[in-house]
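Visitor: I'd like to learn how to read a model like this one, feature by feature. Could we have it on screen and go through it together?

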Amino acid sequence: MSTVLDVAGLTVAFPGVGEVLRGVDLRMEAGRCLAVVGESGAGKSVLARSLVGLAGEGGAPARVSAERLTVAGQDVLGADERRWRGLRGQDVGLVLQDALQSLDPLRTVGAEVGESLAVRGVGRAERHERVLAALAAAGLDEPGTRAAQRSGELSGGMRQRALIASAIVSEPALLVADEPTTALDATVAQGVLEMLGRLRDAGTAILLVSHDLGAVARLADDVVVLDGGRVVESGPADVVLTAPAHEVTRALLDAVPRGSRPPAAEPGREVLRATGLHRRYRLPGGGSVSALDDVSLVVRRGESVGVVGESGSGKSTLARMLVAAEQPDAGRVELTGEPWSELPERRRRPRRHLVRLVPQDPLGSFDPRWSAGRVLRAAIRASGSDRTPAELLELVRLPPGTLGRRPRALSGGQRQRLAIARALAADPEVLVLDEPVSALDVTVQAAILELLVELQERTGTALVLVSHDLAVVRQVCQRVVVMQAGRVVEQGPVDEVWQDPKAHVTKALLTAAAPPTP
Amino acid sequence: MTVLRWLLGRLAAAALVAWVVATVVFFALRSAGGDPSEAILGGPGSQASPEAVAQVRAEYSLDEPLLVQYLLQLARTVTFQLGDSYARRRPVSELIGDQLTGTLVLAALGLLLAWVIALAVATTAVLARGRVGRRAVGLLRGAEVVASVMPHFWLGAVLIAVFAGGLGWLPATSSDSSLRSLLLPALTLAVPVAGFLGQVMRDGLEEAHTAPFATTSRARGASEGRVLWRHSLRHAALPAIALSGWAFGSLLSGAVVVETLFGRPGLGRLLIDATHSRDVPVVIGVVLVIALGYVVVMSVADVLERVVDPRLRGRVEAVRSAPQGQVVS
Amino acid sequence: MGRTAPARSARAWQVLGPGGVVSAAVIVLVLLAALWPQLLAPGDPTAVAPADAYQPPSAGAPLGTDASGRDVYTRVVHGAGQSLGVGALATAIGLSLGVVLGFGAALGPRWLDGLLSRVIEVLFSLPSLVLALLLVAVLGAGVGPSVISVGLATAPGYARIIRARAQAVAQSSYVGAARLEGVSAPAAFVRHVLPNTVWPLVAVATLGIGQAIVWVSALSYLGLGALPPSPEWGAMLNAGRLHITTSWWLTVAPGLAITVTAAALTMLGRRLSAVAPS
Amino acid sequence: ACGGGGSDDAATGGGEPVAGGTLVYATGDAEPTCLDPHVGGNYPQALVSTQYLEPLVGRDASGEIQPWLATDWEVSEDGLTWDLTLAEGLTFTDGTPLDAEAVKVNIEHLQDPDTASSTGYLGVRKIEEVEPVDATHVRLHLSEPDSALLESLSMQWTAMQSPAGIARGQDENCAAPIGTGPFVVTEWVPQQHVVLERNEDYASHGPEAEHDGAAHLERIEWRFIPDPATRWAALQSGEVHVIDNPEPEAIVSAEAGEDITHIDAPRPGSVNRIELNSSQPPFDDARVRQAFVYSADVDPGIEALYQGVATRSHSPLSSVEPMGYSDPSLFVTDLEEAERLLDDAGWTEVDDEGYRVRDGERLTVRFPVSTNQSVAAEQALFEQVQANTRRVGFEVVLTPLDLSAWYGALAAPEDGGENAYEAVSAPYTKVGPDVLRTLYHSDGTVPAPSGYFANLSQVTDPEIDALLDEAARITDPGQRADLYEEAQRRVLEGYYVLPLYDQQNHFLTRGVEGVTTLGTVSTPTFVNARLTS
Ligand SMILES: Nc1ncnc2c1ncn2[C@@H]1O[C@H](COP(=O)(O)OP(=O)(O)OP(=O)(O)O)[C@@H](O)[C@H]1O
Ligand SMILES: Nc1ncnc2c1ncn2[C@@H]1O[C@H](COP(=O)(O)OP(=O)(O)OP(=O)(O)O)[C@@H](O)[C@H]1O
Ligand SMILES: [Mg+2]
Ligand SMILES: [Mg+2]
C-alpha cells in the first residue's frame, strides 16, 4: 500500500501563543483511517490545517517547520503557496470543524462543491456531473435539488454531507475531516460516519479528527492521541481504546458517559404533572408543525427523568412548558398538585422559585454586564431564600474567586456550573436542564454530570434532563422518556429501555451512543 | 404577494413622507420671519403697493386662516401637485425637473466614487502582507476615520484651491455633467462617505476573509484573489449596500454645500435659495423629492441586498442601519 | 478594588489599543480646553488688534492671527467649549428623542412599533442639512437652531439602533431567565433592558458627537452657524477658508481641531463599541 | 495690474485682442428671479440687464448726464414738464421701434403695482403723465419738480424695454426682456447661466461705447457662482474671464500679478455705513450715537481687512457722487470722550460682564447682518466694531440672518416685523444725491406694505426734510449742491450713521480687454470688450 501521509517532527508556532504542535509524527496508508483524538485545545485542528498548508488560518501567521512533510505522495516541505494550491482540493480534501459555516451562504451548494474543479478549469458540464456524483456519494438524496440550494436551506446534517462532498469531489487521495460529527444529532452523525466508512473502503485515506471516542471506535484503524501539541500515544484503534497506556488517553476514555444510576430509593411525592400537552407552531412558509402532541409526564421528588429524542422532536418545547415559559395549546401542567400552566403570570410569580430552568446556552442567559456574584445575589433575592452566593458556588464546586468575574470571563464548564448554582439559589422542587452538556468538552461534560448526580443525592431536587444523548441520560437519570415528532414513543426505567428498546428511534439513538469499546 | 405587500408598504411610506414634509415645511416657513407675499412680489424688501399685496394674498389664499392654508397645502402636496414657485413664478415641478438630473448625476457619481475608494481601501487592507503592509493598513484605518469626519465645504475648498486655482488641472466650477467638471464636486461628496463605507467594508471583508467558508475555499485550492472576488467581497458588500441608502441621504445633504461651493446648478442650491426667500412651494417640492428619492434608494438597496443575499429574499424588510454611530445623514 | 493605577492604565492600553488611548488623550485635552480654556490660553479670544492681522505663526502667536488680529491659538482653545458643547448637546437631543422613539417602538404594542418605525423612517428621509435649513429659517441663525436641527436629524439614527438593540435584549435569554426567576416585566426592563440598551449607546454617542461637530460646522459655511465673535471652530474654518492660499493657518488650525477631535471621538467610539459587552 | 473705474486704458494682460468668441462672466451676486429690472429691481438685475437693456440717459465719470437713447431734454420753467427727444431710428431687438409710445409704456410699467418695482418706481414716482408728442418726442408731466429725474432715468432699473416684450406678460418678459442693448438674452438656465448673444444690429451706442456697430464678442455666458473662493479659482484657471465681488485677498494678488486686471468701480448713491436707529433707546440719544461712533475705531480694521482696496469714507454719499460732502473730523476715535458722553447720557453703571447699564437695562446694540449682502471682510469688520465698542461698555449682538429674516428684523412692528435693531448696514444704490431723500427724509420711515423702509436710521428731522425737498425741486446745480451739503452735514453731525467706505464694486478680468463700467450704477458693459488670445 502506498503511503499517503508521512509527517515527522511537525512543529507549528504562533507569535504570542507559542508552539501549539511540537514534533508531531504521523504516517498513514491509502484506504486507512487514522483518528486524531485529544482534549480541546490539544492542537488537533491546527494539525489538520497544517496538512493542507493552512495552519495559520484565521489568526496570526503560523511558523511551520518539519523534518519530513509528505502529503498525498508529494513532498511539500517548504513548498510555496503555488505548490500548496495545486495540492489542495486536488490531492487532499479538508473538512473544516465549523461545518455549519464552511459553506458560503451566498453561493449555491453546487458552486461550492464544484469549486475545486472550477479552480482547475474543469468545464461546466463535467463539473455539474461530478458535483452530483459527489453529493450522491456523500449520501445526500436528490443531489440535483441540493446543488441548486444554498447552505442556509439545508439542515446541519445535509450541510456536513455537502461539505464532505466538496472535499471528495476531486477524488483526493487523502481526506482530512475535522470533527465531522460534533454539530450533528446522534442518528445523523451515525449516517455521516457510515458514509466516511464507505469512502475509506473505496480507498481514500481518512484522517479523522474527533474528540468523540465512540465515533473513533467505529471508524478508525489507528489512533493518535494528542496532548498539548505532542503525540502522547499512538497505535491501532482497538489497542489504544481498550488498553490505554497514557493517562490522557485514559482520562478521555473515562470521560465517556458510561454506566447508569441505581433506581431512586423511594419515589417521593409528585411535584410536576403534565397532562395531554399539545403545541403547534406555525411555520414561516405556511403550514404548521406539531411540537408537542398529547404529551403527559409526571415527575416526583427525588427522581430524575431524562427526555431524549432526535433534534426537533419537541424536547425543548416540553421543557419550556414545564417551567411555564410558554403556554400549551391544550392540556395542563400542575405544580405540587396545584394549577400552574393556566395561571396568569402575576399569580405564578410567587411560586416561580419552585421550578427552575437551566438553559442550553448558559452564556446567553446571563446579563453580560453582571458579575457572577450579582447574578447569584439577584437570584437569591428573587426567590427569597437565605443562602449566600459563596454557599451556592461551593455547591457547584466553583472557587469563591469566581464571584467577581463576568460570565464572558468564565469557561464553558464554569458557566454551566454558575447557571446551575443560580437555579439552586431558590431551593427548587424541580430543576429542568435543557442539554446541559452538549456544548462541552467530554471531560468537562463528565464533571458536570457527576455534579448533577451528587447534587440530587444531596438535595433531593427532582431533575428533568433534556438531551439527545442517551448515554448522558443514562448516567444521571432513573427514568427516561423518548420523544419523536412531538409524541412520547417510549418511556420507562433507563436500564430497561437501554437493554430492550422498543421504538425504532430508541434503537437508533442507542447505536449512536454506543461506548467506544466493543 | 409579498412583493405586492412590499410595494404597498413603500407607497404608504411615500404618502407618509409627503404628509410629514408638507407639514414640517409649511409650519417651519410660515413661522419663520418674512411673508410669502413678499416672495411672490419680487422678493423681500420689495416695495409693492398695498393693492398688489392684497391681490396676491387673495390669489394664494394667504388671507385664509393658517389652518385652512395648511389643509389646502396638504391636499395639494399629498396629491403631488406642487404648484408654482412664489419667487420664480414657474411650476415647481418644472423647476425641480430642471435641477434634478444634475443633482442625481452628482450624487450617483459621488456614490460610485465612494464605492470605488472604499473597495480599494478594503481590498488593500485585506491583502496587505508583511510588516510594512500592516503598518500601511494601520494608516489606512486612520485615514478612513479622518475622511469620514471631513467637512465638505473645507475639503471642497482645498480641492478647488489645489486642483483648479493652483495646478489648473480641473475646473473650479461645475456647470454641466461632463466628467471633467463633475470630478471635483463628486470627489468632495465621496470622500466622507468613502471613509464610512471603507470602514464598514473593511470590517466585513476582514471578517468574511477569515470565515470558515473562506478557509474551506482555500482548502479547495482557490487563490486569494478568487476567495476575495467569489466569496468575501459579496459578504462585505452587503452592509455597504444597506449603507448606500443612508449614504444617499448624506450625499444630498452634502450636495447643498457642494453645489453652492462649485457653483453647480442643482436641488441643493435651489433649496437654499427657496428657503432664503420663503418660497414655500419650492421648498416643499425639493424636500419632498429628496425624501422620496431616499425612499426609492432605500427600496433599491433592499432589492440589491436580496440579489446579493438570497437568504434575505423571504424577509419583508432587510436589516439596515447607518454605520455605527453614523447617525447624521 | 485595590487595583493600582499603573495596572489600570496598562489595562486601558490593552482594552482600547494604542489608537484608543491616543484618542482618549486628545479628548481629555479638548475637554480641558473646553472646561478651563484660561489654563491653556490665558488671552482673550475676542480681543482684536487689526494692526496685527494675518500674522503667520510665530513665538508670540503659535498659530498666527486672523483677519482682525485675534490670536488663532487662543481662539481655537476657547472654541473647544462651544464646539464640544455643540456636539454633545446635539447628541443629547438626538439621543433623548431616539430613546423615546426607539424604546416605544421596541417595547410598545405592535401597532405602536409600526407607527414609530414609519416615523423613524420618514425622519431618516429628511437629510440633516435640509432640516437645519428649515429650522434656521424659523429660529434664526445661531448655535441653538443648528444644535437642535443636528440633534433632530440624528434622532432617527439613534432610535433605530435603540429599537433593534432593545428588541434584541428584550428577547434575549437572560431577560427570559430573569422573567422565569419571577422578576416582573418593569423590573426586568430597569435591570436588564435599559442598561444593556443604553450602555452600548455610549460608544455610538461618542461617535455622534464628532459627527455633530462636523455638521454644525457645515451650517457655518451656509452662514447659519455660531454668532460672531464666538470662536466656534466651524465659523473660524469658514472664515479662514477664503484665505486658504495666503494665510493657510487660518484654515489649518480650526480644520485640524475639528478633524482631530471628531476623529478621536470616532476612533474612541469605535474602540468602545468593539470592547463593550454586547 | 489695475484699470481705473470706467476707463479703458487697462492693461490687456498680454495676447492679441480677437473678435468674436464667448466671454464667461461669473457673478457672485444672487441669481435674479426675473431678468427684467423693472420687476423688483436689485443690483444683480442691473448687472445682467446692462448687457441688453439701456436707459434713456447715461452719465459720465464727472457726474454729468449724457445722451443715450434720449439725445436731448428740456425742462420747463416750473420744473413740471420735461421734453425728451429720442434718438432716431432705433429699434428694440424684436424690431419694435423705440419711440415715445415705448417710453410711455415703460414708465407705466414701472408705475404698475404688479411690477413691484422699488428703486425704479421711486425714480418715476413724480411722473404724472407721459405724453407722446410724436415718434421721437415725449413729454413728461410731473406732479412736482424733480431735479433728480434724469439721474433716475439713467439707472438700469428704469431702462427701456420693448413694449411688445412687456405685453407678453410678466412671466415671459422676466425670462427674456427685450431691449436695445448690444446683446440679446437667448437662454436662461436657472442656477446655471444666462446666455447672451450679440445684437448684430446694435445702433444705440451709449457714452461708454467706443466704436460703431455691434459688440466684438459673439456671446456672453453669464454664470452664477456664489462662492468667492471658487470664483477666484475659476478666474485663475481660465474658466471664466470676468468675476465680480472678489475678496480683498484676490484683488491684492491680482494687482501684484500680471495677467489679471482689476476694475474698481464704486457704486453710486450711498456709502457702506452703519446706520444707528435713532427711533428708540439707546440711540434716540445723540450722545450715545456719538459715543458709539467715537469708540468704533474702524480705520485700522478697514486697512487690514481690505488691504488698501477700500478707502475710508466720511460721507453719506459715494465718492462717485460729485455732491458728496465729507467731514473726517467728526469720526475720530476718542474713547475718553465716548465714556464721558455715555456717562452724560445716564449709562453710568457697569455690570459684571463689563457692559454699561442704565435703569437695569444693558447698553445693548442689536445688529442684524444679512449673510447675503455682507461679504466676509465686512462681517469681520463688524466683529471688530463689536470688540472695540465693548471697551466703552456697548454690547453689540451680531446676528447673521438670511435675507428674509433680515428684512423681517428690520421691518416696523406694525407690519409684522420686529424693528429689532439698533444698528444695521444696508447700502443703497441710486444714481445721484437724491438718494439722501430716500435714506434720510422722514418719509422714508413710512414702511412699504411689506414693512420695509429705507430710512433705517429713522432720521426725522424737519430741517433735513426741508433741505432735501427743496433740493429735489431746484434744478440749478450750484444751489442743489449747497442744499445737499447742508443736509449731509446735518446727517453726519447728528451721528445717525457711521460711514465706512464706498460700496465695494470690483471686477477682476483675465483674457479680455475693453471692459468698462457704466458711469451710472457702475455695472460692467462688454460693448467694447474683446477676448485676448
Ligand atoms: N491561527 C491561530 N493563531 C493563534 N493561535 C492559534 C491559532 N489556531 C489555533 N491556535 C491555538 O492553538 C491551540 C490548538 O488549537 P486547536 O484549534 O488545534 O485545538 P483543537 O484540538 O482542535 O481543539 P477543539 O477540540 O476545541 O477543536 C489553541 O490553544 C489555540 O488557541
Ligand atoms: N418558537 C417556535 N416557533 C416555531 N416553531 C418552533 C418554535 N419552537 C420550536 N419550534 C418547532 O417545534 C419543533 C420542536 O422543537 P424543539 O425545540 O422542542 O425540539 P428539540 O427536541 O429541543 O430539538 P433540538 O434537539 O434540536 O434542540 C421543531 O420542529 C421546531 O422547529
Ligand atoms: Mg478543533
Ligand atoms: Mg432543544
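Visitor: Let's begin with strands. In which sense do β24(D) and strand β27 of chain D pair, and over how many bridges?

Guide: This is a predicted model, by the way. As a general idea, strands of a sheet pair through backbone hydrogen bonds, either parallel or antiparallel. Here β24(D) and β27 (residues 530-532) of chain D go the antiparallel way, over 2 bridges. For a residue-level view, find D:Val512: its bridge partner in β27(D) is D:Leu531.

Visitor: And what order do the strands of that sheet have?

Guide: Read across the sheet, strand by strand. The order is β2-β27-β24 in chain D, an open sheet of 3 strands with antiparallel pairing. The edges are β2 (17-18) and β24 (512-513) of chain D, each pairing on one side only.

Visitor: Now for another sheet. What is the order of the open sheet that contains β16, β17 and β18 of chain D?

Guide: That order is β16-β17-β18 (chain D), and the pairing is antiparallel. Its edge strands are β16 (349-350) and β18 (361-362) of chain D, with a partner on one side only for each. Strand β17 (residues 356-358) of chain D is joined to β18(D) by 2 bridges. D:Arg358 has D:Glu361 in β18(D) as its bridge partner.

Visitor: Zooming out, how many helices and strands are there in chain D?

Guide: Chain D has 16 helices and 27 strands.

Visitor: How does the radius of gyration of chain D sit with that of a compact globule?

Guide: The trick is to compare the value with what the chain length leads you to expect. For 533 residues a compact globule would come out near 24 Å, so the 23 Å of chain D agrees with that. Along its principal axes, the C-alpha trace of chain D spans about 70 × 55 × 40 Å.

Visitor: What share of chain D is buried, and how much area does it expose?

Guide: Of its 533 residues, 63% count as buried. Chain D exposes about 17,400 Å², with carbon and sulfur atoms supplying 45% of that.

Visitor: Where do the charges sit on average?

Guide: Take the mean position of each sign and look at the gap. In chain D, the 30 positive and 90 negative charges have mean positions 4 Å apart.

Visitor: Last one: which chains share the most contacts?

Guide: Chains B and C do, out of the 5 pairs of chains in contact. Chains A and D don't touch, and their nearest C-alpha atoms are 47 Å apart.

Methods: Residues are numbered from 1 along each chain as its sequence is written. Chains are lettered from A and ligands numbered from 1 in the order in which they are written. This is a predicted model: local features need pLDDT of at least 70, side-chain atom pairs count only at pLDDT 80 or more; totals for chains, interfaces and linings use all residues. Side-chain values use heavy atoms; hydrogens and water are left out. Two strands pair if DSSP finds at least two bridges between them. Helices (H or I, at least four residues) and strands (E, at least two) are DSSP runs, numbered from the N terminus. The radius of gyration is taken over C-alpha atoms; the globule rule is 2.2 Å times the number of residues to the power 0.38. Buried means under 20% relative accessible area, exposed over 50%, partly exposed in between (1.4 Å probe, protein chains only). Accessible areas come from the Shrake-Rupley method with a 1.4 Å probe; for residues, only the protein chains shown count as cover. Lys and Arg count as positive and Asp and Glu as negative; His and the chain ends are not counted. The place of a charge is taken as NZ of Lys, CZ of Arg, CG of Asp or CD of Glu. Contact means heavy atoms within 4.5 Å.
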